[in-house]
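User: I should like to learn how to read aromatic pairs, sheets and buried residues in a model. Please take the features in turn.

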Amino acid sequence: MKRKLLNPVFLLTGLVAFCIGGVAQSQDLNTAISLTRSEQYDEASKKFKELIQKEPGNSRNYYYYGENYLLEYFSDTISNSLVVATKEARDIYNKGVSANPNDPLNYVGLAKVAYYLGDNKTADEMRAKAKSFLLPYKKIKKMTPPAPEYAFTLAKIAESYIKENTVDTSLALPLIREAVKIDPKNSNIFLIAGDIYMLVNDGSNAIKNYNLAQFADPQSPTANMKIGYVYVKGRALQTAIPFFEEAIKLNANYAPAYRELGQLYWRAGRYEQSKEYFKKYLELTAGNIPAKIRYVNSLFYAGDYEEVITNVEEILAVDKSRGYMNRLAGYSYYDKENPDYDKALSYMETLFESVAPEFILKKDHLYVARILLKKNQSYSKTVDEQNSLKNQLDREKSRFAAANAATKPKYKATIDELTSKISGIQSEITKADKDLDRAFQEFEKVLEFNPEDKAVLNEMANSYYITRRYDMAAKTWGRMIDLGKNDVEDYMQIGRAFYNGEKYKSADSVFNIVTKQWPDHIPAYVYIARTYSRMDPDTKLGLAKPKFETLLEKAGVDSVKNAANMIEAFSYLGYYNMESGNYTKAKEYYNRMINIDPNSKENKIRGYNGLAGIETKMAGEEKTLEGKLGYLAKASEAYDRILAIDPNNNAAKNSLRWVQDYQASVRKGINPNEIKGVVTSASGKPIPYASIRVKDTAAENLTNSRGEYKFEIPQGSEILIISAKGYQTKEIEITKSRIYNVKLDQ
């Protein structure tokens with residue numbers, strides 16, 4: 001997950017100003033502002049409350065108090081809630097307005113709050129209200145309010161256009177230029193100007209203004225800190241170090257500088273030095289839990305998750321009221337090298353139990369969703385395991401039913417064991433389903449913050465797909481289409497989801513949208529053909545035939561690039577025509593398969609196998625023994641061609657031996673024993689083209705589109721081997737039965 005920490009020193013310069021353009025502030029107000037500057041927000045908050053109680057009519061107390069709330073939020077966007085911070089700040093600014101309706105600064109504060117919350121209309125109204133108190137002037141000495149206050153207010157209005165690391169320079173910079181013209185000695189105006197240039201990646205002008213700020217207030221460490229940030233952003237870490245060190249020289253107790261050096265050295269891989277600076281930072285903020293929390297945040301962003309967990313537990317041991325710290329522990333247990341999803345979930349659940357809903361962040365719901373998904377990442381494998389055991393149980397029950405009294409106890413013990421295993425796995429699946437349902441509920445809660453978050457929608461859809469909730473995956477991707485994300489692949493993934501979820505009509509509808517908008521997109525034609533093949537599994541209606549023919553027409557434009565897709569079409573059309581009795585047409589497709597790529601051995605082998613299958617099928621239909629021998633000779637020739645290409649092809653060797661045995665039987669006038677059956681998947685769907693082979697012989701046949709097979713086997717055959725692409729091979733004991741219906745596991 002990408003994380004973004006908004007640095008308070010960079011974003012909110014004016015919040016830490018000691019004075020406004022020479023207007024004297026009381027010593028108590030200076031002390032409170034100093035606490036804010038030192039990032040001791042809790043202590044600053046106490047001080048501001050005391051000031052307001054003493055001087056309820058001083059609007060400046062309310063302004064700096066509100067700014068203290070905003071700065072605390074931006075110092076720790078993981079632990080703090082924007083909704084809560086802006087609500088508190090807005091209430092304080094409104095009280096400031098009540099204390100002095102003619103002070104413009106609290107209106108600027110209200111503009112910031114509205115802008116952060118996306119209420120641009122209110123933000124503009126509040127800016128206009130603040131400007132209404134800045135009367136037109138001809139001479140700076142006769143301005144109302146006085147020049148320093150007038151200039152500072154303009155700068156603060158300019159700063160109110162900053163949000164989420166962006167700024168509208170067309171609105172902000174003219175205000176800054178006017179402010180500098182009125183009061184060229186106010187360091188805070190230059191700091192705000194530097195911040196604005198920094199946000200538009202103009203490092204040169206940013207440093208220029210920071211230097212002017214340092215010149216205006218030589219004893220302030222802030223400008224050096226900001227210049228350091230410029231170089232850190234430009235990844236010039238070594239260049240940044242002297243500026244942070246200079247900030248410490250100007251104020252040895254300036255705790256934020258030590259923290260920033262700690263973070264910088266951590267990024268540079270100099271961990272011992274990093275720990276020394278963090279240690280000093282903690283010493284200067286001794287007993288200050290918020291300071292330690294910011295240290296923990298630094299550890300989190302540095303990726304030291306084990307240390308995060310240790311420190312969070314220490315903080316909670318001292319102050320359990322800070323339930324939001326469970327968030328960092330939960331995140332860290334998820335993100336660390338050897339994740340512990342159960343502990344991660346436990347901490348996140350404690351978080352939800354211990355903090356008010358307004359303190360729950362968007363990313364909290366996102367982390368819970370991801371934790372639950374990772375916790376159940378073997379879900380699909382578990383479902384497959386259960387299906388496999390169920391098939392095994394069915395076989396054992398059949399053996400039990402056919403067994404004599406002496407062998408029944410053995411089968412009964414196996415049945416009981418399998419039943420117990422299936423029951424245990426079902427409990428796991430039921431529990432996992434609940435977790436997964438909750439995960440998707442958490443995704444929906446994430447989207448409540450921003451229903452148009454395409455990244456979250458895509459992650460959610462992918463998660464539905466992985467957990468085989470194909471219908472919901474398609475619908476979720478469809479929500480992205482509604483939001484304007486409509487590239488060809490966006491439609492294709494929706495179609496594939498419907499296809500895998502067996503919603504074939506919906507899949508066909510989506511793929512046809514693709515072919516209309518992107519007529520040359522071959523994968524859409526492939527899936528349309530596959531979809532109709534699934535809708536007509538026994539090929540009786542021939543629904544897929546015209547679709548595969550269209551695919552061949554489209555793909556044939558570039559037979560080299562689209563060879564694999566054409567082979568798929570040849571395979572289907574060859575089989576379809578063979579089953580329909582149109583052997584000439586079937587042979588045409590298999591021969592095209594052989595000839596499409598002279599260098600492809602695999603294609604040639606598949607083609608000759610198809611031709612051999614046609615000949616053996618015709619042999620089975622032929623009524624005369626002499627006619628059978630003619631077809632079998634051609635089948636034998638096809639297998640010989642395969643062995644000429646691949647002398648070690650065991651399937652061809654076995655098939656050839658089976659044909660030879662068949663030929664020998666025919667010559668003797670003795671037909672082999674005939675067996676038949678149906679091969680299906682675990683869910684009962686027929687598996688076309690599955691191989692049924694007699695072990696240690698060449699006797700082999702393939703199922704038709706309905707999964708059916710029928711062929712003659714040599715006398716004395718003992719084992720049938722059933723296999724199909726994408727399924728587990730099974731061996732079945734041959735008994736007196738002539739019917740063998742088989743289920744294959746994926």
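Analyst: The turns below go through aromatic pairs, charges over rings, a sheet and a buried residue. This is a predicted model, in which local features need pLDDT of at least 70, side-chain atom pairs count only at pLDDT 80 or more, and totals for chains, interfaces and linings use all residues. Residues are numbered from 1 along each chain as its sequence is written, and side-chain values use heavy atoms, with hydrogens and water left out.

User: How many aromatic pairs are there by this rule?

Analyst: A pair of aromatic rings is described by the distance of the centres and the angle of the planes. Rings of Phe, Tyr and Trp (its six-membered ring) pair if their centres lie within 6.5 Å; planes under 30 degrees apart count as stacked, over 60 as edge-to-face and the rest as tilted. The count by this rule is 33 aromatic pairs. In one of them, tyrosine 231 and phenylalanine 243 are stacked because their centres are 5.6 Å apart and their planes stand at 20 degrees. Tyrosine 231 belongs to helix α12 (residues 222-233) and phenylalanine 243 to helix α13 (residues 237-250), 12 residues apart; helices are DSSP runs of H or I with at least four residues, strands are runs of E with at least two, and both are numbered from the N terminus.

User: What is the geometry of the pair of tyrosine 334 and tyrosine 367?

Analyst: That pair is edge-to-face, with 5.6 Å centre to centre and 85 degrees between the planes. Tyrosine 334 lies in helix α18 (residues 326-335) and tyrosine 367 in helix α20 (residues 362-375), so the pair ties together parts 33 residues apart in sequence. Both tyrosines are buried, where buried means under 20% relative accessible area, exposed over 50%, and partly exposed in between (1.4 Å probe, protein chains only). One aromatic cluster includes Tyr334 and Tyr367 together with Phe300, Tyr305, Tyr331 and Tyr341.

User: Which ring lies under the charged end of arginine 127?

Analyst: A charge sits over a ring if NZ of Lys or CZ of Arg is within 6 Å of the ring centre and within 35 degrees of the ring normal. For arginine 127 the ring is that of tyrosine 115, with the charged end 4.9 Å from its centre.

User: In which order do the strands of the open sheet run?

Analyst: Strands of a sheet pair through backbone hydrogen bonds, either parallel or antiparallel. Here the order is β5-β4-β7-β8, with antiparallel pairing; two strands pair if DSSP finds at least two bridges between them. The edge strands, β5 (700-702) and β8 (730-733), each pair on one side only.

User: Is glutamine 663 buried or exposed?

Analyst: Glutamine 663 counts as buried because its relative accessibility is 9%.
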